[in-house]
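Biologist: Could you take me through one part of this model in detail? I would like to start with a single side chain and then see how the charged pairs and helices fit around it.

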Amino acid sequence: MLDHPLTQDSLTTAAEEVAAVAARCADSAEANRRLDPDVVRAVLDAGFARHFVPAAWQGRDGDFLDLTRAVAAVGETCASTAWFASLTASLGRMAAFLPVEGQAELWSEGPDTLIVGALMPIGRAEPVDGGWRLSGTWSFVSAVDFSDWALVCAMAATGGAPEARFFAVPRAAYRIEDTWHSVGMRGTGSNTLVLADVFVPATRSFSRDRLAAGRSVGSAAPCHATPLRAANGLSFAAPVLGAARGALAAWTGYVREKTRNAPARTGVAAGSPQTHELTLTRASAEIEAAQLLLERAAGVADRGAVPPDLVARNTRDCAFAVDVLVTAVNRLFRAAGTSGQSSTNAIQRFWRDANAASSHIVLQFEPAAAAYAGRLLADHDTSEGK
């Protein structure tokens, strides 16, 4: 357990303690392809799972800026832990869109329920008396081995056009296949979740359109009125910010030690002090610029009801920030030289993790650019605000 009680504003403070546990367990997470149970416990004790849970269920009704900063702090030592912390918070927010009866069931044992999820509507659901019969196979479900509940998306037969819906299912309803063998983000344990003809009552389902529009149930908190696309990129970008900051810290310490007793050189040859200065300065500026973009996006998401122009800008900012962060990490990795690629050097782990995380569909710049440009080029008022 952590040393302090949970309070409304303690998440960033608690994140420092989570980061220390994650740093100690990073190597074992890589080797085992899943997080250490001590790390999972630390994340839950810190309050990440309850961060967006409605106050009616003893949650925090938290904000996006606090979460973004806390996730990035964890990511400085282990991007996989940051990914888990970010997603377990985000899934708690999504569960607030369930009918009240479903929320009561999910959080019946407290607000720290570990919810995992799959946002792509890969499964299929058939209506039956009182609910749905649900089947499907969802890959890449992070931390699923530790889950209490899962929130999965499926196409539901409605008599008309199929509708994308989310379904909450308890751990006893699904099985897990060990399929996670990735070059990066190895510790996330993003294995496969399988459901076979499981009954889900109507009280544990809601339409994806409701989540997209920010129409939660039973909560007036701003975080539950935020449209999905205004906030979704933050969930995946914040761990990359942490990984980039971790890479910069690891690279700086590594180069400082490497060059401490190096002889003076003239010119700007590869590996020279001047080259290191340029690399450090440019990478640090890139990382800080990306952080400013992400924190602005978080501030916009914290408004709750976000207008479409700012939704598009947030999507753009998250994707662009990740592009900048990966550029910075790649710059550091190249400048570290061959010894920086050693399996015992943290630089290469941050490099793999940042590049792997950046491939997530939510962080792709091309669709974000199309959405943003489409808003600005349309014949309407494009005032963005501040």
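Does Arg165 count as buried or exposed, and what is its relative accessibility?

Modeller: Happy to help, and please keep in mind that this is a predicted model. Arg165 counts as buried, because its relative accessibility is 14% and the cut-off for buried is under 20%. Its side chain meets that of Glu163 in a salt bridge, with 3.0 Å from N to O. Glu163, at 24% relative accessibility, counts as partly exposed, so this salt bridge joins a buried arginine to a partly exposed glutamate.

That pair belongs to a wider set: a search of the whole structure finds 16 salt bridges. Let me pick out a few that you can locate on the model. The side chains of Arg296 and Asp317 form a salt bridge at 2.8 Å, N to O. This pair links distant parts of the chain, with Arg296 in helix H8 (residues 273-301) and Asp317 in helix H9 (residues 308-335), 21 residues apart. Here the arginine is the partly exposed partner, as Arg296 has a relative accessibility of 34%, while Asp317 is buried at 2%.

Helix H9 takes part in another such link. Asp309 and Arg375 meet through their side chains in a salt bridge of 3.0 Å, again N to O. Asp309 sits in H9 and Arg375 in helix H11 (residues 365-377), so the pair ties together distant parts of the chain, 66 residues apart. Asp309 is buried, with a relative accessible area of 8%, whereas Arg375 counts as partly exposed at 28%. Elsewhere, salt bridges join Glu30, Arg186 and Arg352 into a network.

Since H9 has come up twice, let us look at how it packs. H9 and helix H10 (residues 346-358) have axes 10 Å apart and pack at an angle of about 155 degrees. The cut-off for roughly antiparallel is over 145 degrees, and H9 and H10 are therefore roughly antiparallel to each other. The crossing of H9 past H10 is left-handed. On the H9 side, the contact is made by Val322, Val326, Val329, Asn330 and Phe333, and H10 contributes Ile347, Gln348, Phe350, Trp351, Ala354, Asn355 and Ser358. Sorted by class, this contact of H9 with H10 has 8 nonpolar and 4 polar residues, and no charged ones.

A second helix pair is worth setting beside that. The axes of helix H3 (residues 64-75) and helix H4 (residues 79-95) come within 7 Å and cross at roughly 155 degrees. H3 and H4 are therefore roughly antiparallel to each other. In H3, the residues in contact are Phe64, Leu67, Val71, Val74 and Gly75, and they meet Ala79, Thr81, Ala82, Ser86, Ala89 and Arg93 of H4. By class, the contact of H3 with H4 has 7 nonpolar, 3 polar and 1 charged residues.

To finish, here is one more arginine to set beside Arg165. Arg256 lies in helix H7 (residues 228-259). Arg256 is partly exposed, with a relative accessible area of 48%, whereas Arg165 counts as buried at 14%. Arg256 and His276 are 20 residues apart in sequence, and their C-alpha atoms are 9.4 Å apart in space.

Terms used. Residues are numbered from 1 along each chain as its sequence is written. This is a predicted model: local features need pLDDT of at least 70, side-chain atom pairs count only at pLDDT 80 or more; totals for chains, interfaces and linings use all residues. Side-chain values use heavy atoms; hydrogens and water are left out. A salt bridge is a side-chain nitrogen of Lys or Arg within 4 Å of a carboxyl oxygen of Asp or Glu. Buried means under 20% relative accessible area, exposed over 50%, partly exposed in between (1.4 Å probe, protein chains only). Helices (H or I, at least four residues) and strands (E, at least two) are DSSP runs, numbered from the N terminus. Axes are lines fitted to C-alpha atoms, for helices over the stretch in contact, and angles run from 0 to 180 degrees between N-to-C directions. Angles under 35 degrees count as roughly parallel, over 145 as roughly antiparallel, 65 to 115 as roughly perpendicular and the rest as oblique. A crossing is left-handed if the near helix is turned anticlockwise from the far one by less than a right angle, and right-handed if clockwise. Contact means heavy atoms within 4.5 Å. Ala, Val, Leu, Ile, Met, Phe, Trp, Tyr, Cys and Pro count as nonpolar, Asp, Glu, Lys and Arg as charged, and the others, Gly among them, as polar.
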